[in-house]
Amino acid sequence: MSTPSPEPNLRPARWRFGDTELDEFRLEILHRGEPVNIESKSLELLRLFVRHPGEVITKDELMEAVWPGRVLSESVLSRAVSLLRRAIGDAEQNLIRTVHGYGYRFDASVERLTPVQTQSPAILHLQAGEHPPLRPNWRLLERLGQGRNETWLVEHEKTRERRIFKFAGDGSALSTLKREITLQRLLSESLGEQAALAAVLDWNLQEAPYFIETAWYPNGSLESWLGRHPQTPLAQRIEFVAQAAAALAAAHRVGILHKDVKPANLLVADDHEGLRILLADFGSGRLIDDTRLEALSITRLGLTRDISEDDSSGSLLYIAPELLAGQPATLKSDIYALGVLLYQLVVGDLRRPLAPGWERDVSDELLREDIAAAADLDPARRLADASELERRLRTLEQRRQRRTLERESAERAEATRRQMERWRARRGWMIAAYALLVAGLTASSTLYYLARKARDAARDAQAETAAINDFLQHDLLDSADPRATGRSDMTVREVVETAARRVGERFADRPQLQARVRSTLGSVFSGLAQDDAAIEQLLAAIALLQPEDRHPQTLIDARLLLADVYANLDRYDESIAEYQAAQQLADRHKLKERALEAQIFLAELQRGLGNAELGLKQIESLRPQVARLDPKSELGLHYARIRANLLEELGRPEADEAYQTALQRYVSVLGADAPATLTLRVSVGGRLAGQGRDEEALAILDPLYADMQRIYGPTHPQTLVTANQLSLALQHLGQVDRAIALQEFASREIVARFGELDASGLQIRANLATLYAQKGDHQRALVLYGKVYAGQVQALGEDRRETLMTAHNIARSLQDLGRWKEALALQRKTSALAHRALTDEHYVTWTIDISLARTLGALGQYAEAQALMDRATQNLERLLGYEHRLTQRGYSYQKELRERLQNRADPR
């Protein structure tokens, strides 16, 4: 790398990394607001490091920058680095890393608190006919653009080959060249032949004026190409945007933001496949995930980690609103630019802004929806993936056909609804039972009908549809008719059970049709939490569907649903067997998506078995297959949810983003009240409560609990799980009495329904014990904790996270009762199990150790207590952040221990 003299704009600034600030105006370091003593040379080193985070700076470069012109031994530098580490609390060398035999790298996430002041670009004085430095055979032909950099068309004097050179004098212009080199290399090496980019061919960073060299495309940019071809058909213009979206999606997958998507940065190549869009000019780009960069050993030229940049730079027409409001650039900022571009190409005017009323310019309904989805003012409502815009644009014709069919279907449904309204006066509420079954059965019959192209098969499908409708009309609805039963208060469950008893007789001569009806009934019983009845119907369906050759899809559906029911009952061996049978059947019939579905849910089962690490590995291995699914595929939604659950189980910080992404997709595709979305909303709310973000959790869980009671009823397992999560948020907010009432109700209902050893019931009772402890009733808490712990050891094992947390809470109650020696024995055992089973990368491990350190301090074992407390609090801060309530509790205990050390208090 070149000598890292601080950036050309050398005005002093304020910087922040972690809890530490460097104030160059006052030449001081503040740690959590308190000044830190530091030698001047160490301070100079830090000034250099914060301007180049993530870059390896050689020892010679550091010596020259801090001790210019002096000949010193390396020990002087080593001492200054050592003093700097001590000043910023880097005893573990996690911030300033030694690159042995070379230099040092500053690995902190740095934020510049003082805005960068602009400066004029260097004047290069380049003239046509001149030769670029170090390129004597190339001649400057024509200046193509001038701004922060100068762009020239150049030509080889002998071969007449043409290239594009982009020049910089120094300063920020040079940084853009370095950034473009790094990001283009990363894209090329990550994507290979799939990279739709104007590749950087060579560069000169040795002698001013510096430059990069890229290929020349005669068609030029999309902007210039459309200027020469104003009559380009709409279909071709839409295809240009689809290609740009595909190229941008590929860059995003590598972890790169472009930040300046516009027609001038989209090149039009022309090869044997026709016109092709290439993404160019990553000089304003940003790397949001540097793991791939490090894996490929690519030097970090021109890139810094998280230094505040002017994210509102770029072309005004294409800048996302959130950037103008001062928020940082994200993937969705690039997608906004694509949305504006799509609008401009649809209306045929690259100068037209996306202003209020733009919808009047676009007559096509679907294109209006696509532009609105990509360029929504609210980034949370904007498309999350550029590949989704590509898919939408490339399936326009199919979507138009589907929209026509949907409208026709809606009209028929409206006619049916009006007919049902006329029935309602006579049939009452039983229409609800009809609707419960009709969705599954009608869809099954419709799909069956559509799958048959021959006329004879179509007639068969029509006959089966008629038979199903007859079953719904007479066996289901008639069973709820008060005139036939003499009752007006039959429940949905009773109606469905009555209909289920008639299935065998009704479809005795049609086993395949009977199997489909039984599968649907199994799904209904599962939704009603009648698991035994669901299993009975599904097993009967599977038996009827043998042999498999005629209806493999229906058989796979039945096995997957049965596996899910078994998993809900913690019957994991039977669940695994059904998932594996479904996968094998799908593989035999080359039904790749169904095989993938079985694999995804098999990975989820590992969480229930306590093998979350294995489950996450399995899920991650399926990512390439999932990426090929339709973005609105329900299977893709399941994948996102299960991955988030596994990350949560392992205590990974990226679980936050995974949950939020999954929830947005569920709401967008299925709706907020869909059963799967409701389940995920519970998980997201529960996670927020677990993180101490209780106001946010309450905002989600309180209305969700009302929704659950309305949709499922007050005693449904899903409703009870929601009550449990809601009580956690209430507990943290001090509303203990309401939390206890919810937990006691949920505990009674779960135990009554599923028994003492149900995993959800055990967790709810453990939370109830915690509430008792919070109210000060430690003896009552201890008794309930003991029962829960015994059940968890029996049902889950002693090294499961849930079991370890209960043991930890038992020890805390023992502490509160002053029974320190009993607490110590339990905590030593629990700590050893946690370090082995959860590893040092799970916050629960260090939560247990903080409490253990507190016990050691209370018993006078100060040296071990202090060492363990320091290590545990540092790791909690690393894993959860300084503001997290568990980290704060650790620091509170640390303060308590120091006071005990100062006073040498006797053990309690």
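Where is Arg-382 found?

## A buried arginine in a loop

In this predicted model, Arg-382 sits in the loop between helix H10 (365-374) and helix H11 (386-394). Its relative accessible area is 4%, so Arg-382 is buried. Buried here means under 20%.

Which residues is Arg-382 in contact with, leaving aside its neighbours within four places in sequence? One group is Ala-320, Pro-321 and Glu-322. Another includes Lys-332, Ser-333, Ile-335 and Tyr-336. The list also holds Ala-373, Ala-374, Ala-375, Asp-376 and Leu-377. Of these, Ala-373 and Ala-374 carry numbers that fall within H10 (365-374).

## The protein as a whole

The protein has 908 residues, and 50% of them count as buried. Its secondary structure comes to 36 helices and 17 strands.

How are contacts spread along the sequence? Take those between residues at least 6 apart in sequence. Of these contacts, 61% join residues at least 24 apart.

## Helices H1 and H2

Helix H1 spans residues 40-51 and helix H2 spans residues 59-66. They pack at an angle of about 120°, with their axes 10 Å apart. H1 and H2 are therefore oblique to each other. Their crossing is right-handed.

H1 brings Lys-41, Glu-44, Leu-45, Leu-48 and Phe-49 to the contact. H2 brings Leu-62, Ala-65 and Val-66. By class, the contact has six nonpolar residues, two charged residues and no polar ones.

## Helices H18 and H19

A second pair is formed by helix H18 (residues 531-544) and helix H19 (residues 552-568). The packing angle is about 155°, and the axes are 10 Å apart. That makes H18 roughly antiparallel to H19. H18 passes H19 in a left-handed crossing.

On the H18 side, the contact is made by Asp-531, Ala-534, Ile-535, Leu-538, Leu-539 and Ile-542. On the H19 side, the residues are Leu-555, Ala-558, Arg-559, Leu-561, Leu-562, Val-565 and Tyr-566. Eleven residues in this contact are nonpolar and two are charged. No polar residue takes part.

## The buried side of H22

Which residues of helix H22 (residues 612-621) are buried? They are Ala-612, Gly-615, Leu-616 and Ile-619. They cover an arc of only 100° around the axis, which puts them on the same side of H22. The general geometry fits this pattern. An α-helix has 3.6 residues a turn, so residues three or four places apart point the same way.

What covers the buried residues of H22 includes three helices. These are H21 (592-608), H23 (623-627) and H24 (634-649).

## Two further buried residues

Ala-13 lies in the segment before strand S1 (14-17). At 0% relative accessibility, Ala-13 counts as buried. Leaving out residues up to four places away in sequence, Ala-13 touches Leu-22, Asp-23, Glu-24 and Phe-25. Arg-112 and Thr-114 are also touched by Ala-13. Ala-13 and Phe-25 are twelve residues apart in sequence, and their C-alpha atoms are 6.6 Å apart.

Gln-815 belongs to helix H32 (residues 801-816). Gln-815 is buried, with a relative accessible area of 4%. Not counting residues up to four places away in sequence, Gln-815 touches Trp-820, Ala-823 and Gln-827, and also Ser-851, Arg-854 and Thr-855.

## Positive phi outside glycine

Most residues other than glycine have a negative phi. Two residues here depart from that rule. Leu-134 has a positive phi of about 65° although it is not a glycine. Leu-134 lies in the loop between strand S8 (110-112) and strand S9 (138-146). With 44% relative accessibility, Leu-134 counts as partly exposed.

Thr-839, also not a glycine, has a positive phi of about 75°. Its place is the loop between helix H33 (820-837) and helix H34 (843-858). Is Thr-839 buried or partly exposed? Thr-839 is partly exposed, at a relative accessible area of 36%.

Methods: Residues are numbered from 1 along each chain as its sequence is written. This is a predicted model: local features need pLDDT of at least 70, side-chain atom pairs count only at pLDDT 80 or more; totals for chains, interfaces and linings use all residues. Side-chain values use heavy atoms; hydrogens and water are left out. Axes are lines fitted to C-alpha atoms, for helices over the stretch in contact, and angles run from 0 to 180 degrees between N-to-C directions. Helices (H or I, at least four residues) and strands (E, at least two) are DSSP runs, numbered from the N terminus. Angles under 35 degrees count as roughly parallel, over 145 as roughly antiparallel, 65 to 115 as roughly perpendicular and the rest as oblique. A crossing is left-handed if the near helix is turned anticlockwise from the far one by less than a right angle, and right-handed if clockwise. Contact means heavy atoms within 4.5 Å. Ala, Val, Leu, Ile, Met, Phe, Trp, Tyr, Cys and Pro count as nonpolar, Asp, Glu, Lys and Arg as charged, and the others, Gly among them, as polar. Buried means under 20% relative accessible area, exposed over 50%, partly exposed in between (1.4 Å probe, protein chains only). The arc is that of the directions from the helix axis to the C-beta atoms.
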